[in-house]
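Let's take a walk through this fold together, one helix and one ion pair after another. Have the model open and turn it as you read.

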Amino acid sequence: LDRRLEALDEANALRPTIVSPGKVWAKRAQKGLLSPPETRALGGDALKAERTAAMDLLDALSRSGTLPLEGVHLHVLLAATHCFDRTLMDTVVQRSVNPIERMERSALIMASALHGRPPAGLLKASQEDRVRELAPILFVE
């Protein structure tokens with residue numbers, strides 16, 4: 001990701017972001033199939049116990065990794081902060097820059113690194129000309 005950003009982010013606008021989960025989580029569960037859902041707060045030891053129980057269940061379902069997990073999804077959170085060198089209003093009014101286009105370019109660079117594909121390969125054909133005009137560096141091979 002860092003190499004891709006150095007090569008394609010001319011404005012050097014993306015900064016790493018650390019996402020820290022809260023200390024208290026809300027758990028919504030049903031005691032039985034027909035029971036109404038209940039919500040309770042989890043924190044500290046209760047949160048650790050729930051995490052351990054989830055890992056134990058995963059371990060049991062996969063027989064300690066010997067069974068492949070098919071049809072499952074892994075969700076990954078990748079976060080970055082897009083920084084502007086001026087305030088948002090100065091960027092829009094004084095510099096006549098559309099911040100959405102800049103952030104769209106940054107998101108495309110990040111998606112390109114994550115999926116291992118060139119940015120042009122991630123766009124719908126109907127959007128390629130528009131993005132090519134706004135960020136030609138994304139299409140240099």
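A salt bridge here is a side-chain nitrogen of Lys or Arg within 4 Å of a carboxyl oxygen of Asp or Glu. Keep in mind that you're looking at a predicted model. With that cut-off, a search of the whole structure turns up 6 salt bridges.

Start with R105 and D9, whose side chains meet in a salt bridge at 3.4 Å, N to O. This pair ties together distant parts of the chain: R105 belongs to helix α4, while D9 sits in the loop between α1 and β1, 96 residues apart. And where does the pair sit, buried or exposed? Both R105 and D9 are buried.

That makes α4 a good place to stay for a while. The helix runs over residues 99-115, 17 in total, and reaches 24 Å from its first C-alpha to its last, close to the 24 Å expected at 1.5 Å a residue. Look at its N-terminal end and you'll find N98 acting as a cap, with a side-chain oxygen 2.9 Å from the backbone nitrogen of I100. Past the other end comes G116, which has a positive phi, near 65°.

R105 has company in being buried: P99, S106, L108, I109, M110 and S112 of α4 are buried too. What covers them? The elements over the buried residues of α4 include α1 (2-8), β1 (14-16), β4 (80-82), α3 (88-93) and α5 (125-134).

Two of those covering helices deserve a stop of their own. In α3, pick out T91. T91 counts as buried because its relative accessibility is 3%, below the 20% cut-off. Leaving aside neighbours within four places in sequence, T91 is in contact with F84, R86, S96 and V97.

Over in α5, R132 forms a salt bridge with E128, and the closest N and O atoms are 2.7 Å apart. Both residues lie in that helix, 4 residues apart, about one turn. An α-helix has 3.6 residues a turn, so residues three or four places apart point the same way. R132 is partly exposed, since its relative accessible area is 37%, and E128 also counts as partly exposed, at 24%.

Now swing round to α2, where another ion pair waits. The side chains of E50 and R40 meet in a salt bridge at 3.3 Å, N to O. Again the pair links distant parts of the chain, with E50 in helix α2 (residues 45-61) and R40 in strand β3 (residues 38-43), 10 residues apart. E50 is partly exposed because its relative accessible area is 27%, and R40 is partly exposed at 45%.

As for α2 itself, its 17 residues should span 24 Å at 1.5 Å a residue, and its end C-alpha atoms are 24 Å apart, so the two agree. After α2 comes R63, which has a positive phi, near 50°.

Finish on the surface. Which residues make the nonpolar patch of about 380 Å²? They are M55, L58, L69 and V72. Of these, V72 is placed in the loop between α2 and β4. V72 counts as exposed because its relative accessibility is 52%, which is over the 50% cut-off.

Key
Residues are numbered from 1 along each chain as its sequence is written. This is a predicted model: local features need pLDDT of at least 70, side-chain atom pairs count only at pLDDT 80 or more; totals for chains, interfaces and linings use all residues. Side-chain values use heavy atoms; hydrogens and water are left out. Helices (H or I, at least four residues) and strands (E, at least two) are DSSP runs, numbered from the N terminus. The expected span of a helix is 1.5 Å times one less than its number of residues. Buried means under 20% relative accessible area, exposed over 50%, partly exposed in between (1.4 Å probe, protein chains only). Contact means heavy atoms within 4.5 Å. A polar contact is a pair of N or O atoms within 3.5 Å; within protein, one must be able to donate a hydrogen and the other to accept it, and residues adjacent in sequence count only if both atoms are side-chain atoms. Patches are made of residues with over 30% relative accessible area and no salt bridge: like charges are joined within 9 Å, nonpolar side chains (Val, Leu, Ile, Met, Phe, Trp, Tyr) within 5 Å. Accessible areas come from the Shrake-Rupley method with a 1.4 Å probe; for residues, only the protein chains shown count as cover.
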